[in-house]
Amino acid sequence: MDIVDLTPDRPDRLEQAARMLHDALPQGWPTLEAARAEVCEVCAVGPERLARAAIDRTGAVVGWIGAIRRYSHAWELHPLVVRQDRQRRGIGTSLVRDLERLLAARGCLTLFVGSDDETGETSVGGMELYPDVLGHAARLTVHGSHPVDFYRRIGFAIVGLFPDANGPGRPDIWLAKRLEARAGEPAASAVRGRDEG
Ligand SMILES: CC(C)(COP(=O)(O)OP(=O)(O)OC[C@H]1O[C@@H](n2cnc3c(N)ncnc32)[C@H](O)[C@@H]1OP(=O)(O)O)[C@@H](O)C(=O)NCCC(=O)NCCS
């Protein structure tokens, strides 16, 4: 499997990426049109965006990942999807690792992601989260199958919740991960040490 840039000059790949998004996350992209629009937006070329695709031996897109710069040193991972028949084979992990490497080279220190709980698969779905929102985040457990377990397994930590983000009792779970600083930039631990000293 190769991981390559997902670019507007490959409409065949963009179409596969859109179908995959619509199939895997219909609550987020209920129509193929909406998924196509999302793919076009994420794949727009520029210094504030990055999109990568996993390509199998037959040339098919089997997963893809996007990222958008939101702060000077923090990027949002959005979206991430692996084709349904190819999930749980390490493709998602490989896509995130590849993205981390590229973003670290661009000076990114924090990669963050929002992972909705629309169906009560975690302890924070269908719950009143106020006033102890951060307490619910700290105690979060997964009942069924939810991507939050995937992100935790590859080093992300839960950093917060947006209660009712997708409707009453349907929060968004936010996770973040520190990336290694690129050569020439101080590591985050060095910055903290300097501030404390
Ligand atoms: C979540 C997703 C991107 C993970 O990609 P993947 O290639 O299937 O994941 P990997 O094989 O690299 O997974 C590594 C480990 O993460 C965990 N994991 C992966 N997907 C998971 C899920 N949906 N729920 C819980 N744990 C999961 C497992 O522990 C897995 O190891 P295991 O199969 O040995 O148990 C993929 O399942 C997917 O596209 N899901 C639908 C779309 C989606 O939810 N995207 C994320 C939106 S925030």
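This is a short walk through a predicted model of a single chain with a ligand, going from confidence to core, helices, ligand shell and a few backbone oddities.

Okay, confidence to begin with. The model is predicted, and the chain averages a pLDDT of 92, with 91% of the residues scoring at least 70. The stretch to ignore is residues 193-197, where the pLDDT is below 50. Beyond near neighbours in sequence, that stretch makes 0 contacts in the model.

Now the core. The largest nonpolar core has 46 residues, and Ala17 and Trp64 have the most contacts inside it. That fits the general picture: in soluble globular proteins, nonpolar side chains tend to be buried together. So what does alanine 17 touch, once you leave aside neighbours within four places in sequence? The list is Leu6, Val39, Ala53, Val61 and Trp64. So Trp64 turns up again, as a contact of alanine 17.

Alanine 17 is one of the buried residues of helix H1, which covers residues 11-24. The others on that buried list are Arg13, Leu14, Gln16, Ala18, Met20, Leu21 and His22. Notice that the list has Arg13, Gln16 and His22 in it as well. Remember the helical geometry here: there are 3.6 residues a turn, so residues three or four places apart point the same way. What covers the buried residues of H1? Among the elements doing that are helix H2 (32-43), strand S2 (49-55), strand S3 (61-69) and S4. As a quick sanity check on H1, its 14 residues at 1.5 Å a residue should span 20 Å, and the end C-alpha atoms are indeed 20 Å apart.

Staying with S2, have a look at arginine 52, which sits in that strand. Is arginine 52 buried or exposed? Buried: there are 22 other C-beta atoms within 10 Å, and the cut-off is 20 or more. Leaving aside neighbours within four places, arginine 52 is in contact with Ile3, Val4, Asp5, Leu6, Trp64, Ile65, Leu95, Asp98 and Leu99. So Leu6 and Trp64 are contacts of arginine 52, and they are on the list for alanine 17 too. One more distance for this strand: the C-alpha atoms of arginine 52 and alanine 67 are separated by 9.1 Å, and the two residues are 15 apart along the chain.

Leu95 and Leu99, from that contact list, bring us to helix H3, where both are buried. Also buried in H3 are Ile91, Gly92, Val96, Glu100 and Leu103. The cover over these includes strand S1 (2-5), S2, S3, S4, S5 and H5. The length check works here too: 15 residues should span 21 Å, and the end C-alpha atoms are 22 Å apart, which agrees. After H3 comes glycine 107, with a positive phi near 90 degrees.

H3 also leads us to the ligand. Which residues come nearest to the ligand, out of the 20 around it? Those are Gln87, Gly92, Thr93, Asp149 and Phe150. Strand S4 (74-82), helix H3 (91-105), strand S5 (110-116) and helix H5 (147-153) each give two or more residues to the shell. The largest share is from H5, with 4 residues. By class, the shell has 9 nonpolar, 7 polar and 4 charged residues.

Last stop, the backbone oddities. We have a cis peptide bond from histidine 78 to proline 79, omega near -10 degrees, and proline 79 is in strand S4. Another cis bond runs from tyrosine 130 to proline 131, with omega near 0 degrees. Proline 131 is in the loop between S5 and helix H4 (133-138).

Then there are positive phi values outside glycine. Arginine 88 has phi near 65 degrees and lies in the loop between S4 and H3. Arginine 88 counts as exposed, with 8 C-beta neighbours inside 10 Å. Aspartate 164 has phi of about 60 degrees, in the loop between strand S6 (157-162) and strand S7 (172-178). With 14 C-beta neighbours inside 10 Å, aspartate 164 counts as partly exposed.

Glycine 167 is in the loop between S6 and S7, and counts as exposed, with 8 C-beta neighbours inside 10 Å. The C-alpha atoms of glycine 167 and alanine 105 are separated by 37 Å. That's what I had, thanks.

Definitions and conventions:
Residues are numbered from 1 along each chain as its sequence is written. This is a predicted model: local features need pLDDT of at least 70, side-chain atom pairs count only at pLDDT 80 or more; totals for chains, interfaces and linings use all residues. pLDDT is the predictor's confidence in each residue, from 0 to 100. Two residues are in contact if their C-beta atoms, placed from the backbone, lie within 7 Å. A nonpolar core is a set of buried Ala, Val, Leu, Ile, Met, Phe, Trp, Tyr and Cys residues joined through C-beta atoms within 7 Å. A residue is buried if 20 or more other C-beta atoms lie within 10 Å of its own, exposed if 12 or fewer, and partly exposed in between; C-beta atoms are placed from the backbone. A residue is near a molecule or strand if its C-beta atom, placed from the backbone, lies within 6 Å of it. Ala, Val, Leu, Ile, Met, Phe, Trp, Tyr, Cys and Pro count as nonpolar, Asp, Glu, Lys and Arg as charged, and the others, Gly among them, as polar. The expected span of a helix is 1.5 Å times one less than its number of residues.
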